[in-house]
Amino acid sequence: MDDNLIIAGKKYSSRLLVGTGKYKDFNETRAAVEASGAEIITIAIRRSNIGQNPGEPSLLEILPPSKYTLLPNTAGCYSADDAVRTLRLARELLDGHSLVKLEVLGDPQSLYPNVIETIAAAKTLVADGFQVMVYTSDDPIVAKQLEDIGCVAIMPLASLIGSGMGILNPWNLQLIMERAQVPVIVDAGVGTASDAAIAMELGCDGVLMNTAIAGAQLPVLMASAMRQAVEAGRSAYKAGRMPKKLYSASPSSPTAGIIASTRG
Amino acid sequence: MITVSINGSSHRLPDSTCVAAMLEEMGLTGKRIALERNGEILPRSLFASQQLEDGDTLEVVTAVGGG
């Protein structure tokens with residue numbers, strides 16, 4: 001049975017979205033992205049190195065838009081205006097591509113999202129025809145407002161960007177998911193495979209990560225682990241876990257037909 | 001001569017330099033880039049016809065790895 005992630009009307013079979021930063025070279029980037037099985041990959045928009053390394057390949061040659069859905073981000077933007085300008089440049093760079101990742105940060109130390117600027121940017125971008133996947137805090141009220149503005153996916157943090165601290169507030173994620181009519185994708189905070197599995201078991205529609213893979217000792221192996229974790233967590237969510245109880249009076253093996261006890 | 005800002009640094013260029021000629025000078029011809037002129041997107045189709053003016057501020061960007 002198909003179990004696709006649908007974002008802005010387009011189907012994806014992978015529920016793992018990955019970033020392309022922090023790898024040691026393009027070969028490692030490509031190998032990790034391939035091992036992850038991701039179809040949607042984030043990229044950043046930065047000034048061209050004018051006159052430097054003219055023969056150097058570009059990221060778009062390594063990860064071509066014909067093969068992947070590229071998701072340009074606004075990482076490093078601290079105001080709505082800068083985020084909007086960055087994504088307009090991205091749309092021009094990618095020949096009119098409108099699916100984007102909006103993130104407006106609050107400070108360079110925590111990288112915590114500035115939701116006021118995020119909401120302002122989301123309004124402008126949606127009005128300008130962008131399909132906005134939005135990184136935000138795990139505040140369910142803000143998440144609902146971003147959905148009402150017209151964002152096509154809500155992407156709350158599980159913990160701070162690059163922290164690897166895992167799922168710190170599953171209850172808020174559940175509040176967001178209960179109310180959302182668009183996909184909810186955990187973005188930021190995943191540290192290892194079990195974190196990704198927990199996010200999916202909670203019922204998240206997907207997980208987006210970068211540092212958890214690029215920052216591993218063996219990034220390509222971790223990419224593969226994350227792929228399996230997201231698939232396992234999704235299957236467990238759909239299967240429906242057994243209820244938790246302190247103890248069980250119902251052993252797994254039959255209670256009848258046990259051989260005679262030698263004890264009294 | 002005119003003075004324009006390209007990615008934050010000042011450049012002196014001959015009068016009537018078009019955007020395409022500026023990109024050629026910078027070694028960016030044929031590269032996948034996008035360009036903003038004074039805060040507004042300048043579509044690629046206009047690179048050959050648009051002439052730079054003294055005081056223009058340009059941002060020339062490309063895609064890089066990011067999360």
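Which elements of chain A do the buried residues of α5(A) pack against? Keep that question in mind while the whole chain is still in view, and remember throughout that this is a predicted model.

**The whole chain**

Begin with chain A displayed as a cartoon, where nine helices and ten strands can be traced. Its C-alpha atoms fill a box of roughly 90 × 40 × 40 Å along the principal axes. Of the 264 residues, 48% count as buried, and among contacts with a separation of 6 or more, 65% join residues 24 or more positions apart. If you switch to a surface, chain A exposes about 13,000 Å², of which carbon and sulfur atoms supply 52%.

**Helix α5**

Select residues 140-149 of chain A, which form α5, and show the side chains. The buried residues here are A:Pro140, A:Val142, A:Ala143, A:Leu146 and A:Glu147. Because these residues cover an arc of only 160 degrees around the axis, they lie on the same side of α5(A). Turn to the face directed away from that buried side, and you will find A:Ile141 and A:Asp148 exposed.

To answer the opening question, add α4 (115-127), β7 (131-136), β8 and α6 of chain A to the selection, since the buried residues of α5(A) pack against these elements.

Next, look at the two ends of the helix. At the N-terminal end, A:Asp139 acts as a cap, with a side-chain oxygen 2.8 Å from the backbone nitrogen of A:Ile141. Just after α5(A), A:Gly150 takes a positive phi of about 120 degrees.

**Helix α6**

Move on to α6, residues 170-179 of chain A, in which A:Asn172, A:Leu173, A:Ile176 and A:Met177 are buried. Viewed down the axis of α6(A), the buried residues fall within an arc of 135 degrees, so they line one face of the helix. On the other side of α6(A), select A:Trp171 and A:Glu178, both of which are exposed.

To see what covers the buried residues of α6(A), display α5 together with β8 (153-156), β9 (185-187) and α7 (193-202) of chain A, which are included in that cover.

**A charge over a ring**

Finally, select A:Lys101 and A:Tyr135: the charged end of the lysine sits over the tyrosine ring, 5.6 Å from its centre. A search for pairs of aromatic rings, in contrast, gives a count of zero over all chains, where pairing requires the centres of the rings to lie within 6.5 Å.

Conventions. Residues numbered from 1 in each chain as written. Chains lettered and ligands numbered in written order. Predicted model: local features only at pLDDT ≥ 70, side-chain atom pairs only at ≥ 80, totals over all residues. Heavy atoms only, no water. Phe/Tyr/Trp six-rings, centres within 6.5 Å; stacked < 30°, edge-to-face > 60°. Lys NZ or Arg CZ within 6 Å of the ring centre and 35° of its normal. Buried < 20%, exposed > 50% of the residue type's maximum accessible area, 1.4 Å probe, protein only. Helix = DSSP H or I, 4+ residues; strand = E, 2+ residues; numbered from the N terminus. Arc of directions from axis to C-beta. Contact = heavy atoms within 4.5 Å. Areas by Shrake-Rupley, 256 points an atom, 1.4 Å probe, with all protein chains shown as cover. Polar contact = N/O pair within 3.5 Å; in protein donor to acceptor, adjacent residues only side chain to side chain.
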